[in-house]
Amino acid sequence: MHLLPLAAPAADLSDRELEDLYAYPADLDRPWVQVNFVSSADGAATAGGRSHGLSSPADKKIFALGRDLADVVLVGAGTAVVEGYRGVKRTELRAERRHRLGLSDVPPIAVVTRRCSVGPESPLVTDTHVPPIILTCASAPRDRRDALKAAGVDVVLAGEDTVDPRRALDALAERGLRRVCCEGGPHLFAELIALDLVDQLCLTVSPLLTGAGAPRIAEGVPSPEPRELRLASVLTEDGFLMLRYRKA
């Protein structure tokens with residue numbers, strides 16, 4: 001047994017130190033997937049139907065940092081709707097950080113949707129600095145795909161009857177988007193686990209017990225085997241744990 005050092009208080013780290021801690025590997029030649037989640041101490045992914053009730057200022061700071069360092073934000077359509085997604089916003093810190101790192105002003109949001117259920121009236125399309133990317137499949141209704149294309153959306157077919165996460169990630173990489181920040185939801189996370197596509201998990205554990213009823217952070221497709229991770233860092237603030245795991 002190895003004793004781990006005490007978790008570092010998040011407030012003791014500067015913005016630059018946090019940036020270095022959570023940085024993506026340099027010189028990527030393939031998609032590299034970081035997944036961000038918050039859960040209660042008893043494993044719930046939501047409180048009152050949304051993740052917001054589990055979060056904290058420190059968790060929100062790490063969440064924003066994940067977007068700042070990424071080429072693209074990946075999310076399932078269900079989560080995008082429930083959480084009220086819009087395009088990533090420009091902030092002074094985000095602009096400075098991304099300019100310094102040689103990244104675009106803001107990352108696009110890539111939405112996984114088998115039925116192409118995000119319409120051109122969605123805030124993801126109407127309230128954004130950069131057009132979203134819709135990752136869908138050939139069986140999605142053509143009229144929905146055409147309406148999104150007419151609205152300037154990049155519509156990508158990443159499968160026939162369902163969205164293949166490998167093909168979706170390859171399509172993002174073809175667009176130069178290799179630093180992938182996945183924000184859920186649980187079904188998309190389960191698919192990534194099953195295919196062994198998760199490189200890093202940033203998990204905030206909230207000091208709450210929500211009881212039965214809420215989903216876990218991974219739901220749906222079972223993995224053929226457990227995926228081993230190694231603990232890379234631990235931060236804490238106000239009883240919240242910010243854990244960072246990397247693929248072993």
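**Exercise 1.** State whether cysteine 116 is buried or exposed, then locate the residue and give the sign of its phi.

*Solution.* Step 1: the relative accessible area of cysteine 116 is 3%, so the residue counts as buried (buried is under 20% relative accessible area, exposed over 50% and partly exposed in between, with a 1.4 Å probe and protein chains only). The model is predicted, so local features need pLDDT of at least 70 and side-chain atom pairs count only at pLDDT 80 or more, while totals for chains, interfaces and linings use all residues. Residues are numbered from 1 along each chain as its sequence is written, and side-chain values use heavy atoms, with hydrogens and water left out. Step 2: cysteine 116 sits in the loop between β4 and α5 (123-126). Helices (H or I, at least four residues) and strands (E, at least two) are DSSP runs, numbered from the N terminus. Step 3: phi of cysteine 116 is near 55°, which is positive although the residue is not glycine.

**Exercise 2.** Carry out the same steps for aspartate 196, and find the cis peptide bond at glycine 185.

*Solution.* Step 1: aspartate 196 belongs to the loop between α8 and β8. Step 2: its phi is near 60°, again a positive value in a residue other than glycine. Step 3: aspartate 196 has 33% relative accessibility and therefore counts as partly exposed. Step 4: the bond running from glycine 184 to glycine 185 is cis, with omega near 5°. Glycine 185 lies in the loop between β7 and α8.

**Exercise 3.** Which residues have the most contacts inside the largest nonpolar core, and which elements supply at least two residues each?

*Solution.* Step 1: a nonpolar core is a set of buried Ala, Val, Leu, Ile, Met, Phe, Trp, Tyr and Cys residues joined through side-chain atoms within 4.5 Å. Step 2: the largest one has 30 residues, and Val35, Leu74, Leu135, Leu172, Phe189 and Leu192 have the most contacts inside it. Step 3: the strands that each supply at least two residues are β2 (32-40), β3 (72-76), β4 (109-112), β5 (133-136), β7 (179-182) and β8 (200-206); the helices are α7 (165-174) and α8 (186-194). Step 4: leucine 135 touches, among others, Leu74, Val112, Val156, Ala168 and Leu172, not counting residues up to four places away in sequence (contact means heavy atoms within 4.5 Å). Step 5: a second, separate core of 18 residues includes Cys116, together with Val111, Val125 and Leu148.

**Exercise 4.** Describe the aromatic pairs, and name the ring that arginine 244 lies over.

*Solution.* Step 1: rings of Phe, Tyr and Trp (its six-membered ring) pair if their centres lie within 6.5 Å; planes under 30 degrees apart count as stacked, over 60 as edge-to-face and the rest as tilted. The count comes to two aromatic pairs. Step 2: tyrosine 24 and tryptophan 32 are edge-to-face, 5.4 Å centre to centre and with 70° between the planes. Tyrosine 24 is buried at 9% relative accessibility, and tryptophan 32 is buried at 7%. Step 3: phenylalanine 37 and phenylalanine 189 form a tilted pair, at 5.3 Å and 35°. This pair links strand β2 to helix α8, across 152 residues, and both phenylalanines are buried. Step 4: arginine 244 lies over the face of tyrosine 22, 5.6 Å from the ring centre. The rule asks for NZ of Lys or CZ of Arg within 6 Å of the ring centre and within 35 degrees of the ring normal.

**Exercise 5.** Give the strand order of the open sheet, then work through the pairings of β8 and β5.

*Solution.* Step 1: two strands pair if DSSP finds at least two bridges between them. The order of the 10 strands is β1-β9-β10-β8-β2-β7-β3-β4-β5-β6, with mixed pairing. Step 2: β1 (8-9) and β6 are the edge strands, each pairing on one side only. Step 3: β8 runs parallel to β2, with seven bridges; phenylalanine 37 stands opposite leucine 203, and glutamine 34 has glutamine 200 as bridge partner. Step 4: β8 and β10 (residues 240-247) run antiparallel, with six bridges, and cysteine 202 stands opposite arginine 244. Six of the seven residues of β8 are buried. Step 5: β5 and β6 (residues 154-157) run parallel, joined by four bridges. The chain passes from β5 through helix α6 (residues 142-150) to β6 in a right-handed β-α-β crossover. Right-handed means that, with the strands pointing away from the viewer, the path from the first strand over the helix to the second runs clockwise.
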